[in-house]
Amino acid sequence: MLTELKDRYDAQKLLDCIIGMEELGQQIHVSSINGKRYSFATGDLTHYKLDQNDFTIVNELFKGTYAEEVYNDLNEKYDICRGRYMTLDESFRGYSYHYDMTDRIHIPLTTNEDAIFIVNDKILKMPEVGNTYQLHTTNKHTAMNLGKTPRIHFTVCLKASAVMQQYYARMTQ
């Protein structure tokens, strides 16, 4: 359900890339379809009839930054899409219990002992900032921050195969 990967990144350098972008919300997109869209009202792209696999263009504000360097490095290694900074704090504590089309890779940038994932009713944690973790989000899961300090992750999606996309489309109709 959770696999620690060997890759490590500089959490502070990734955080420095979003200084002053707080107004963009809980999810700040590093990549998008056109390189210009930084946020959506919901993380569920089916509301917009969009495909996560198309979120491959690094957004303009992240061009030439460490965030772009990390995104490109992960893409070379894992074939990714839809890079985001995802924040859980006192104003937004968690997500619904849901399934995703593909697994996610997370890099915790800030965390606390009360930031948790629940996957198939089991509590999991990503305690080390800068480490990479693959979370098997095709299983039923959620993320919550019940602590007093923000939890911020740099997160990317693994690309879905055509077969998986068709299956997911049928399941979400």
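Here are some friendly notes on a predicted model, for a first look at its cores, cysteines, one sheet and one serine.

1. **The main core.** A good place to start is the largest nonpolar core, which has 27 residues. Within this core, L14, F62, Y85, L109 and F154 touch the most other members. The elements giving two or more residues are the helices α1 (11–16) and α2 (66–78) and the strands β5 (80–88), β6 (104–110) and β11 (151–158). With five residues, α2 gives the most to this core.

2. **F154 and its neighbours.** If you want one residue to click on, try F154. Leaving aside residues up to four places away in sequence, F154 touches L14, V30, A67, V70, Y71 and L74. The same tally for F154 also takes in R84, Y85, I105, H106, I107 and L109.

3. **A second core.** Apart from the largest core lies another, made of eight residues. Among them are V119, L124, L135 and A143.

4. **The cysteines.** How many disulfides are there? The count comes to zero. For C17, the closest cysteine sulfur is that of C157, and at 19 Å it is too far for a bond. C157 has the sulfur of C81 as its nearest, 5.0 Å away, and is in no disulfide either; a disulfide would need the two sulfur atoms within 2.5 Å. Are C17 and C157 buried or exposed? C17 counts as buried because its relative accessibility is 13%, and C157 counts as buried because its value is 0%.

5. **A three-stranded sheet.** Next, look at the open sheet with the order β8-β7-β10, where the pairing is antiparallel. Its edge strands, β8 (122–124) and β10 (141–145), each pair on one side only. On average, neighbouring strands in this sheet are turned by 25° against each other, direction ignored. Strand β7 (residues 115–119) pairs with β10 over five bridges, in the antiparallel sense. You can find F117 standing opposite A143 of β10, and A143 is also one of the members of the eight-residue core.

6. **S32.** Finally, a serine to visit: S32 is found in strand β3 (residues 31–32). S32 is buried because its relative accessible area is 1%, under the 20% cut-off. A polar atom of the S32 side chain lies 2.8 Å from the backbone nitrogen of G35. Which residues does S32 touch, not counting those up to four places away in sequence? They are R37, D54, F55, T56, I57 and N59.

Definitions and conventions:
Residues numbered from 1 in each chain as written. Predicted model: local features only at pLDDT ≥ 70, side-chain atom pairs only at ≥ 80, totals over all residues. Heavy atoms only, no water. Core = buried A, V, L, I, M, F, W, Y, C linked by side-chain atoms within 4.5 Å. Buried < 20%, exposed > 50% of the residue type's maximum accessible area, 1.4 Å probe, protein only. Helix = DSSP H or I, 4+ residues; strand = E, 2+ residues; numbered from the N terminus. Contact = heavy atoms within 4.5 Å. Pairing = 2+ DSSP bridges. Axes fitted to C-alpha atoms, helices over the stretch in contact; angles between N-to-C directions. Polar contact = N/O pair within 3.5 Å; in protein donor to acceptor, adjacent residues only side chain to side chain.
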